[in-house]
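Here is a short report for a reader meeting this structure for the first time. Please look over the sequence and the model before reading on.

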Amino acid sequence: MIKKLFIKKSKEKLEEAKKRVENALAGFAKKDEKLKGDWDVPFPQFKGSSLEEEADEVEEYETLLPIEHSLESRFKDIKLALGKIERGEYGKCEKCGDKISMERLKVVPEARFCLKCRG
């Protein structure tokens with residue numbers, strides 16, 4: 001069983017990471033009001049700009065999409081980990097049910113799988 005102090009510290013790390021990820025997303029995307037936990041990078045609105053400027057805006061949009069996806073995925077994993085802490089299920093592999101090593105959780109507190117199953 002994972003020690004209470006370790007869980008407390010992990011929860012603090014996860015709460016801090018959640019804030020950082022939310023702030024990063026808020027810097028270039030907007031929360032989707034229809035889908036909870038989803039963010040959207042706004043598509044450029046072309047209002048009399050040159051073709052070169054429009055191309056730059058589309059390129060920036062295309063660059064931000066995978067960043068948005070990656071941050072959303074991490075945000076989801078962080079929220080799942082926080083929920084597991086609340087339910088007393090923190091540190092169990094979602095695939096095999098074994099414990100996730102404390103060393104792994106120190107590095108990736110939102111880890112969902114043990115090293116064997118992370119595949």
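## A salt bridge to start with

This model is predicted. Begin with Glu110 and Arg74, which form a salt bridge. Their closest N and O atoms are 2.7 Å apart. Glu110 lies in the segment after α3 (102-107), whereas Arg74 lies in helix α2, so the pair ties together parts that are 36 residues apart in sequence.

How exposed are the two partners? Glu110 is buried, with a relative accessible area of 9%. That value counts as buried because it falls under the 20% limit. Arg74 is partly exposed, at 33% relative accessibility.

## Linking two helices

Another salt bridge joins Glu86 and Lys11. Here the closest N and O atoms are 2.8 Å apart. Glu86 belongs to helix α2 and Lys11 to helix α1, so this pair ties together parts that are 75 residues apart in sequence.

Glu86 is exposed, with a relative accessible area of 56%. Lys11 is partly exposed, and its relative accessible area is 30%.

## Other salt bridges

How many salt bridges does the structure hold? There are eight. One of them brings together the side chains of Glu89 and Arg87, at 3.2 Å from N to O. Glu89 is partly exposed, with a relative accessible area of 34%.

Salt bridges can also be linked in a network. Asp77, Lys84, Glu94 and Arg112 are connected in this way.

## The nonpolar core

Turn now to the nonpolar side chains. The largest nonpolar core has 23 residues. Which residues have the most contacts inside this core? They are Leu14, Val21, Ile78, Tyr90, Ile100 and Leu105.

Helices α1 (4-26) and α2 each supply at least two residues of this core. Helix α2 gives the most, with eight residues.

## A negative patch

The surface carries a patch of negative charge. Glu52, Glu53, Asp56, Glu59, Glu60 and Glu62 gather there.

Take Glu52 as one member of the patch. Glu52 lies in helix α2, which spans residues 51-87. Is Glu52 buried or exposed? Glu52 is exposed, with a relative accessible area of 62%. The label fits because exposed means over 50% relative accessible area.

## Helix α2 in review

Helix α2 turns up in several parts of this report. Glu52 of the negative patch lies in α2. Arg74, the partner of Glu110, lies in α2 too. Glu86, the partner of Lys11, is another α2 residue. In the largest nonpolar core, α2 gives the most residues.

Terms used
Residues are numbered from 1 along each chain as its sequence is written. This is a predicted model: local features need pLDDT of at least 70, side-chain atom pairs count only at pLDDT 80 or more; totals for chains, interfaces and linings use all residues. Side-chain values use heavy atoms; hydrogens and water are left out. Patches are made of residues with over 30% relative accessible area and no salt bridge: like charges are joined within 9 Å, nonpolar side chains (Val, Leu, Ile, Met, Phe, Trp, Tyr) within 5 Å. Accessible areas come from the Shrake-Rupley method with a 1.4 Å probe; for residues, only the protein chains shown count as cover. A salt bridge is a side-chain nitrogen of Lys or Arg within 4 Å of a carboxyl oxygen of Asp or Glu. Lys and Arg count as positive and Asp and Glu as negative; His and the chain ends are not counted. The place of a charge is taken as NZ of Lys, CZ of Arg, CG of Asp or CD of Glu. Helices (H or I, at least four residues) and strands (E, at least two) are DSSP runs, numbered from the N terminus. Buried means under 20% relative accessible area, exposed over 50%, partly exposed in between (1.4 Å probe, protein chains only). A nonpolar core is a set of buried Ala, Val, Leu, Ile, Met, Phe, Trp, Tyr and Cys residues joined through side-chain atoms within 4.5 Å.
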